2 protein chains.
Amino acid sequence: MMEGALLISKMLERAEKLFPKKEVVSRTSSGIHRVSYREIGERTRRLSSALEKLDVERGDKVATLAWNDHRHLETYFAVPGMGAVLHTINVRLSPQHITYIINHAEDKVLLVDPMFLPILQAIKDQIPTVEAIIVMTDDSLPDSELSPLYSYEDLIANANPNYEFPKDIDENDPAGMCFTSATTGKPKGVVYTHRAITLHSFALGLSDSAAISESDVVMPVVPMFHVNAWGMPFASTWFGSTQVMPGPAFTPELLAELITSEKVTITAGVPTIWLGLLKELDANAARYDMSSLRAVLCGGSAAPMGMIRAFETKHNVPFIHAYGMTETTPLATLSRLKSYQEDLSSEDRLEVRAKQGYLVPGLEMKVVNDEGEVEWNGEDMGELLLRGPWIADEYYKDERTEEAFQDGWLHTGDIVTVDEEGVIKIADRTKDLVKSGGEWISTIDLENALMAHDAVFEAAVIGVPHPEWQERPLAAVVLKSDVVTSKDELLEFLKPQFAKWWLPDDIVFMDEIPKTSVGKFQKNNLREQLQNHLTV
Amino acid sequence: MMEGALLISKMLERAEKLFPKKEVVSRTSSGIHRVSYREIGERTRRLSSALEKLDVERGDKVATLAWNDHRHLETYFAVPGMGAVLHTINVRLSPQHITYIINHAEDKVLLVDPMFLPILQAIKDQIPTVEAIIVMTDDSLPDSELSPLYSYEDLIANANPNYEFPKDIDENDPAGMCFTSATTGKPKGVVYTHRAITLHSFALGLSDSAAISESDVVMPVVPMFHVNAWGMPFASTWFGSTQVMPGPAFTPELLAELITSEKVTITAGVPTIWLGLLKELDANAARYDMSSLRAVLCGGSAAPMGMIRAFETKHNVPFIHAYGMTETTPLATLSRLKSYQEDLSSEDRLEVRAKQGYLVPGLEMKVVNDEGEVEWNGEDMGELLLRGPWIADEYYKDERTEEAFQDGWLHTGDIVTVDEEGVIKIADRTKDLVKSGGEWISTIDLENALMAHDAVFEAAVIGVPHPEWQERPLAAVVLKSDVVTSKDELLEFLKPQFAKWWLPDDIVFMDEIPKTSVGKFQKNNLREQLQNHLTV
């Protein structure tokens with residue numbers, strides 16, 4: 001058989017040849033912008049040629065600081081297409097972390113949306129590897145002390161529209177990279193190869209997976225700086241789907257309007273986004289038409305079952321729950337019912353679909369605790385280990401590689417159960433799990449149960465040291481301002497739902513639970529605050 | 001990223017873990033036989049272990065002479081799973097050719113259906129590499145002079161059910177092989193790698209391709225000795241589909257019954273099979289229920305548009321036309337409408353779908369004639385060239401490699417047109433095309449037009465030498481016994497459909513057109529007979 005390297009440039013070439021008339025629709029500061037794959041192809045070739053003139057060579061890192069739009073899509077193909085590496089910077093990181101990752105990746109060129117120029121202005125003296133900054137705008141270049149500063153549109157206007165993507169690239173060469181925030185310390189870098197991205201795109205097109213098709217109108221709401229918008233821009237281009245890019249500062253109203261006007265068939269994002277959309281639909285259902293949507297793909301963290309139910313029953317919008325992480329490109333599991341589960345009651349079906357699903361073809365998993373692989377009984381908990389051709393095997397030049405990658409497996413740090421059907425359910429993060437007398441207690445299960453109580457606004461459960469049981473669960477609860485309850489009432493509420501030894505030893509009422517910059521509970525902070533609560 | 005070799009054993013392991021209850025249904029001499037993927041997994045491991053005891057080592061060739069059933073499926077995974085190479089022998093070849101390919105492949109073990117033992121009996125002294133013959137039967141071993149002769153079921157009963165498939169196999173190692181008949185000379189061997197078969201399986205699962213899914217009931221009617229039954233057993237196992245294996249000597253009635261009783265959702269085979277099924281459905285529609293069928297995949301040769309129309313309009317069975325060959329694993333193109341073509345009239349849609357379709361993701365094509373790449377206008381003809389990771393790059397130890405594989409492309413020998421949408425239509429075989437004064441004339445188009453005339457039973461068009469135009473088309477026509485026509489009437493009938501210079505210079509009436517053993521027109525024979533027809 002021919003070698004037939006799996007290269008990202010071949011995806012774009014397919015779109016240029018077979019789907020030249022299909023469009024990418026972007027919401028930009030100057031309104032809705034439509035550009036065909038024929039134009040995308042030509043503009044991408046021009047961009048590669050322009051980057052070549054700026055001395056970008058094989059293996060060089062070219063970074064973006066940008067929202068989802070057609071120009072960001074062009075960088076997805078222009079940079080790996082020429083053999084360089086696309087580093088998509090998370091614009092929500094602190095300036096310190098952005099400085100760190102630009103230096104750690106040794107980025108040579110930055111492509112930025114105009115709104116991020118102030119960030120660069122502030123750190124410009126601390127990023128010595130950067131040789132050029134390109135502003136992605138239709139407008140003229142803003143006044144700036146940054147130098148050299150180029151206009152994206154001017155650069156490509158003067159570049160070669162017939163640039164040929166080199167084909168002597170190895171499919172195992174790096175194509176992209178992305179940094180993931182760590183609980184403590186600097187962000188950790190993951191490098192994606194041409195092979196990983198191509199195989200992952202195949203997985204996204206499978207009928208039993210996201211089933212991305214030419215007939216789809218795909219709207220990635222997940223930012224293009226989060227694990228390549230879950231790989232959707234690559235797969236959608238390859239398969240000739242129409243793409244809708246929501247641009248910066250979108251609101252639930254704007255998303256609902258885009259779905260309505262562009263007849264979006266599949267969209268992807270984190271639960272927070274869909275909670276917002278749900279609220280908007282509940283408030284203004286008559287204003288929108290969701291009938292084109294065949295799937296809402298949801299990942300990043302677990303979607304509450306109530307939200308899935310509301311989307312499906314009230315708005316007739318099918319929900320697909322997925323699981324993955326930066327280290328897994330990201331698609332690893334996806335909650336599809338098996339054919340023989342279609343006969344289950346609607347609540348039982350919902351219960352299956354609220355889990356994280358089963359493994360997509362191409363990957364392998366095992367779930368282990370101290371005694372080895374756990375039984376697939378939906379109860380025993382263990383850490384999820386993954387391996388396969390789109391699973392990372394290291395963090396980029398980072399000694400934390402050793403913790404996460406052992407014996408050829410990625411140790412995800414997620415504690416899961418697996419049911420008889422191979423469907424995983426996230427029970428906790430390794431670090432948050434409560435280990436009580438050798439048994440494991442899921443803080444997520446307890447938190448979800450507490451937050452289902454009418455009086456509870458939020459609840460975080462942590463493990464704190466205990467003289468007899470090593471650790472015991474402790475709940476930190478924020479009450480709604482207008483409802484009254486007590487510790488005893490909450491414990492009574494939990495009792496029928498859990499084994500006795502799972503119940504928190506105490507409930508601490510707080511005004512606020514400490515959170516990270518992305519809104520997650522800062523459990524290490526909470527553990528520090530409350531470490532002596534049960535012992536003194 | 002991890003290397004994550006693409007290995008065939010991983011497909012079976014997925015089915016064992018995620019779909020243990022799903023079934024493979026076989027029609028055998030002892031009736032319908034059902035076996036679950038859990039059992040298939042165990043039986044396959046036993047088979048690998050039994051072959052190991054018979055001294056089968058990495059790279060050794062293990063051949064099958066068998067129809068489609070669960071045991072043949074087990075060999076699909078047991079042989080490549082252990083690192084050996086599965087050679088699926090075309091049982092319809094002559095004993096001379098079977099002898100040749102067994103020797104050329106150096107097959108070490110043969111797995112055969114009992115009905116093929118007489119063939120082996122006849123050639124047993126001419127196949128010195130064969131060290132063991134295993135009979136695939138539920139019954140006791142027949143009396144035979146063949147030695148050593150083993151019973152498949154006895155062998156696996158005494159083997160290790162926990163055999164572990166080795167994982168240190170390179171994905172570029174050979175996994176299977178298949179010989180394709182040549183117009184002249186011995187069959188040519190094509191070797192499939194683990195990588196090629198895995199990537200091809202991904203392609204079969206894509207939503208825009210065959211979309212093989214867990215919810216499918218897949219019936220490969222195409223024999224498992226024809227390019228791995230078009231790869232469907234691999235993809236179906238990987239994705240957890242139910243499989244229905246029609247066994248030996250099936251008839252249109254039996255196929256219609258299996259579709260009805262097993263609720264088959266997708267089936268695959270050559271036009272002859274579907275013509276037979278169509279006739280049966282037309283005659284006895286009330287007896288069958290085709291409502292489960294979501295697709296009939298048709299390849300091997302072009303399906304007449306009338307047949308596609310009849311299936312879709314009379315029986316409501318959707319047809320998917322595909323193109324490929326032994327050298328392409330085989331899926332290369334597939335006739336799916338693009339989303340914006342759904343608005344076409346039903347006849348225009350049919351016209352698109354009667355073509356061979358556009359390229360699946362992962363492959364590259366070009367269409368060339370003497371002047372370079374042809375324009376995609378639906379008219380200009382050129383030879384179809386293919387490349388990609390599931391396209392062969394040689395014939396196995398065969399000097400004919402040079403003809404077909406040049407400059408990194410497979411030269412398919414098929415002359416096609418490509419329309420504006422990238423959809424190919426087979427116009428002719430390179431060798432059959434008429435080259436008249438530097439212009440090309442498609443014999444297939446002329447034959448189809450002639451066969452649409454009420455009086456014509458069959459028609460073959462060939463190019464014969466001509467003093468002025470180098471070659472001119474000549475039609476050989478067999479008339480139906482009860483209808484009268486003349487040469488002039490047939491030429492008049494053709495006139496409005498073709499440019500004047502396309503019309504045959506003469507029409508020769510015959511009693512029969514010479515055919516090959518598989519029923520194709522023997523055009524080289526015909527050309528020899530009629531070579532002086534226009535010059536003397």
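A polar contact, as I will use the term today, is a pair of N or O atoms within 3.5 Å, where, within protein, one of the two must be able to donate a hydrogen and the other to accept it. With that in mind, let us turn to the model in front of you, which is a predicted one, and ask how many residue pairs are in polar contact between chain B and chain A. The count is 26, taking pairs in which both residues have a pLDDT of 80 or more.

Between the two chains there are also 6 salt bridges, and one of these joins the side chains of Lys21(A) and Glu421(B), with 2.8 Å from N to O.

Which elements of chain B supply the side that touches chain A? Several give at least two residues each, among them helix 1 (8-18), strand 9 (188-193), helix 9 (232-239) and strand 21 (409-418), while the largest share, 6 residues, comes from helix 7 of chain B. Sorted by kind, the residues on this side of chain B are 32 nonpolar, 12 polar and 16 charged.

Turning to area, about 4,400 Å² is buried between chain B and chain A, and carbon and sulfur atoms give 60% of that. Within chain B, the residues that lose the most area to chain A are Met1(B), Met2(B) and Phe202(B), which together make up 21% of what that side buries.

Finally, how are the two copies arranged? A rotation of 180 degrees, with 0.0 Å of shift along its axis, superposes chain B on chain A with an RMSD of 0.1 Å, and that is the relation of a two-fold axis. Because 100% of the interface residues of chain B are also interface residues in chain A, the copies meet through the same surface.

Notes:
Residues are numbered from 1 along each chain as its sequence is written. Chains are lettered from A and ligands numbered from 1 in the order in which they are written. This is a predicted model: local features need pLDDT of at least 70, side-chain atom pairs count only at pLDDT 80 or more; totals for chains, interfaces and linings use all residues. Side-chain values use heavy atoms; hydrogens and water are left out. Copies are superposed by least squares on the C-alpha atoms of residues with pLDDT of at least 70 in both. Contact means heavy atoms within 4.5 Å. Buried area is the accessible area (1.4 Å probe) that two parts lose on being put together, summed over both. A salt bridge is a side-chain nitrogen of Lys or Arg within 4 Å of a carboxyl oxygen of Asp or Glu. A polar contact is a pair of N or O atoms within 3.5 Å; within protein, one must be able to donate a hydrogen and the other to accept it, and residues adjacent in sequence count only if both atoms are side-chain atoms. Helices (H or I, at least four residues) and strands (E, at least two) are DSSP runs, numbered from the N terminus. Ala, Val, Leu, Ile, Met, Phe, Trp, Tyr, Cys and Pro count as nonpolar, Asp, Glu, Lys and Arg as charged, and the others, Gly among them, as polar.
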